[in-house]
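Work through the exercises below with the sequence and the structure at hand. Each task is followed by a solution in steps.

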Amino acid sequence: MTIEKNRRFSYLALLSAVAITLNLLESIYIGPIFGVLRLGLANIAALLALKLLGQKEMLIVNVMRVVIGNLLRGTIFGSTFWISGAGVVLSSLVMILLDKLDSSLLFTSICGSIAHSSGQVLIVAFLYQQAGMAAILMYLLLGSIPTGILIGIVARLVIKHIKPLRKDNDK
Amino acid sequence: MKRKEWIIIGVLVLLGAAALLVQKLRPKGSGYVVAIQHRNQIVKEFDPMVDAVYQIDGDVGGLEVEVKDGKWHVINEQCPNHVCAQMGWMGIEDTLLPITCIPNNIVIFLEEGNR
């Protein structure tokens, strides 16, 4: 029992580290595509946490990614922090809902990607009182589908090689 | 992916494409005014048909907006992300797409009401 618990904890720590690293690498080396669209590489770790460990663990990985990622970039509690936080909250909620509905990994990834972009746009529109920002949603909706598919494929390839620690009651 | 999921994705793609098409086909008038907003205040308004360069102060050093041939873009931005400059040239056809510099708290957008 203790070994199992420790293994889960190790997976969680590892996935959090992967999420933070991917988040930082993406923000430093891979700029936004067409000025607004990001790949969302850190979502690979979130999807892995969801499928290998469970919903609670995915939330922990996502919170760690936003808080520690922003802390390391020096943007904690700034506008960037709240914007990425809003994206993560919405995408986490959508992914948990889809997980409860037994959706496929690829579909969860695509919807998570769309929700992440939408959450960010909505909070920017709210913070800057720019209802016109909603027009970007259409670009993001179309752009998030290929990025979601890409992230989902990568996550699926990784999951094939790792034994899930998730129990049925994690749902 | 399940069949039902493919259908949902297909519907989303169609919706997005239809909305983009509607946006592109919207009638375009003349007499546009572009506004530059810092925090909650409009600090500059300009006519996109008048070529100029405007210097705007922001939270982390500010930026410049270059206007040429009815289009505008951000240059010499003093911010860590450079996303605003990477957004490139915006024109009247991109009616609802604002240029946003989050570190500087600056938004450059087309004022619809002044059309």
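**Exercise 1.** In this predicted model, decide whether H82(B) is buried, partly exposed or exposed.

Solution. Start with the neighbour count: 16 other C-beta atoms lie within 10 Å of H82(B). A buried residue needs 20 or more, and an exposed one has 12 or fewer. The count for H82(B) falls in between, so the residue is partly exposed.

**Exercise 2.** Place H82(B) in the chain and describe its phi.

Solution. First locate the residue: H82(B) sits in the loop that links β5 (71–75) to α2 (83–86) of chain B. Then read the backbone angle: phi is about 60°, a positive value, although H82(B) is not a glycine.

**Exercise 3.** Repeat the analysis for R39(B): where does it lie, what is its phi, and is it buried or exposed?

Solution. R39(B) belongs to the loop between β1 (33–38) and β2 (41–46) of chain B. Its phi is near 55°, which is positive in a residue other than glycine. For exposure, count the C-beta neighbours inside 10 Å: there are 12. The limit for an exposed residue is 12 or fewer, so R39(B) counts as exposed.

**Exercise 4.** Set the two loops in the context of chain B: how many helices and strands are there, and in what order do the elements run?

Solution. Chain B has two helices and eight strands. Read from the N terminus, the order is α-β-β-β-β-β-α-β-β-β.

**Exercise 5.** What percentage of chain B is buried?

Solution. Of the 115 residues in chain B, 23% are buried.

Terms used: Residues are numbered from 1 along each chain as its sequence is written. Chains are lettered from A and ligands numbered from 1 in the order in which they are written. This is a predicted model: local features need pLDDT of at least 70, side-chain atom pairs count only at pLDDT 80 or more; totals for chains, interfaces and linings use all residues. Helices (H or I, at least four residues) and strands (E, at least two) are DSSP runs, numbered from the N terminus.
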